[in-house]
Amino acid sequence: MRSARRTGAARPADPPTYAVMDLLGQRWMLRVLWELEPGPLGFLELRRRMDNCSSSMLSLRLQHLQAAGLATKRPDKAHELTPAGRELAEALHPIWEWSRNREDPA
């Protein structure tokens, strides 16, 4: 069966890229990165900013970010991005800017 992929050379398998896409594709993950990008937040403040995300889901997403080395929990219990997490958030800025440029002015 042929793939619906655009014409051109096939991309080689890239497990690290697949892992990042799988991580970022989890519901709420990009939002957690967005909220933590400016600086550390305590769990309750982060939860307040996350609108409809449940506490258990937020806790799970933070655990996944910590396991990936992208976030950490400080001694004061605040959550923050690691240098790798900040680098990833910085890499996402063009996507965030792209979305702002297409925002409906209504």
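**Group meeting: a predicted helical chain with two strands**

Good morning. In this predicted model, the side chain of arginine 102 comes to 3.2 Å from the backbone oxygen of tryptophan 98. Arginine 102 belongs to the segment that follows α5. With a relative accessibility of 51%, arginine 102 counts as exposed, because the cut-off for that class is over 50%.

Let me turn from that contact to the overall layout. The chain contains five helices and two strands, and their order along the sequence is α-α-α-α-β-β-α. Of its 106 residues, 26% are buried. If one takes the contacts between residues at least 6 apart in sequence, 45% of them join residues at least 24 apart.

I shall spend some time on helix α4, residues 55-67. What span should its 13 residues have, at 1.5 Å a residue? The expected value is 18 Å, and the C-alpha atoms at the two ends are 18 Å apart, which agrees. Four residues of α4 are buried, namely Leu58, Arg61, Leu62 and Leu65. Viewed down the helix axis, the buried residues fall within an arc of 100 degrees, so they line one face of α4. The face turned away from that buried side carries Ser56 and Ala67, both exposed.

Against which elements do the buried residues of α4 pack? Their partners are two helices, α2 (29-36) and α3 (43-49), together with the strands β1 (71-73) and β2 (79-81). Just beyond the helix, glycine 69 adopts a positive phi of about 75 degrees.

Two of the buried leucines of α4 appear again in the core. The largest nonpolar core has 21 residues, and those touching the most other members are Val32, Leu33, Leu36, Leu46, Met50, Leu58 and Leu65. Which helices each supply at least two residues of this core? They are α1 (15-24), α2, α4 and α5 (83-101). Leucine 33 serves as an example of the packing. Setting aside residues up to four places away in sequence, leucine 33 touches Leu24, Leu65, Leu81, Leu88 and Leu92.

Next to leucine 33 in the numbering is a tryptophan with a ring partner. How many aromatic pairs does a search of the whole structure find? The search finds one. The ring centres of tryptophan 34 and tryptophan 96 are 4.7 Å apart and the ring planes stand at 85 degrees, so the pair is edge-to-face. This pair links distant parts of the chain, since tryptophan 34 lies in helix α2 and tryptophan 96 in helix α5, 62 residues apart. Are these two tryptophans buried or exposed? Tryptophan 96, at 12% relative accessibility, counts as buried, whereas tryptophan 34, at 34%, counts as partly exposed.

Helix α2 also holds glutamate 35. This charged residue has a relative accessibility of 11% and therefore counts as buried, the cut-off being under 20%. Apart from neighbours within four places in sequence, glutamate 35 is in contact with Leu41, Leu46, Arg49 and Met50. Among these contacts, Leu46 and Met50 are also among the core residues that touch the most other members.

I come now to the loops. Threonine 82 sits in the loop between β2 and α5 and, at 14% relative accessibility, counts as buried. Not counting residues up to four places away in sequence, threonine 82 touches Gly69, Leu70, Ala71 and Thr72. Gly69 is the glycine with the positive phi just after α4, and Ala71 and Thr72 fall within the range of β1.

Finally, some backbone angles deserve a remark. Most residues other than glycine have a negative phi. Where, then, do we find positive values in residues of other types? Aspartate 51 has a positive phi of about 55 degrees although it is not a glycine, and aspartate 51 is located in the loop between α3 and α4. Lysine 77 likewise has a positive phi, near 80 degrees, and lysine 77 is placed in the loop between β1 and β2. At 55% relative accessibility, lysine 77 counts as exposed.

To close, I return to helix α4. Its buried residues line one face and pack against α2, α3, β1 and β2, and α4 is one of the helices that each supply at least two residues of the largest nonpolar core. Thank you.

Terms used. Residues are numbered from 1 along each chain as its sequence is written. This is a predicted model: local features need pLDDT of at least 70, side-chain atom pairs count only at pLDDT 80 or more; totals for chains, interfaces and linings use all residues. Side-chain values use heavy atoms; hydrogens and water are left out. The expected span of a helix is 1.5 Å times one less than its number of residues. Buried means under 20% relative accessible area, exposed over 50%, partly exposed in between (1.4 Å probe, protein chains only). The arc is that of the directions from the helix axis to the C-beta atoms. Contact means heavy atoms within 4.5 Å. A nonpolar core is a set of buried Ala, Val, Leu, Ile, Met, Phe, Trp, Tyr and Cys residues joined through side-chain atoms within 4.5 Å. A polar contact is a pair of N or O atoms within 3.5 Å; within protein, one must be able to donate a hydrogen and the other to accept it, and residues adjacent in sequence count only if both atoms are side-chain atoms. Rings of Phe, Tyr and Trp (its six-membered ring) pair if their centres lie within 6.5 Å; planes under 30 degrees apart count as stacked, over 60 as edge-to-face and the rest as tilted.
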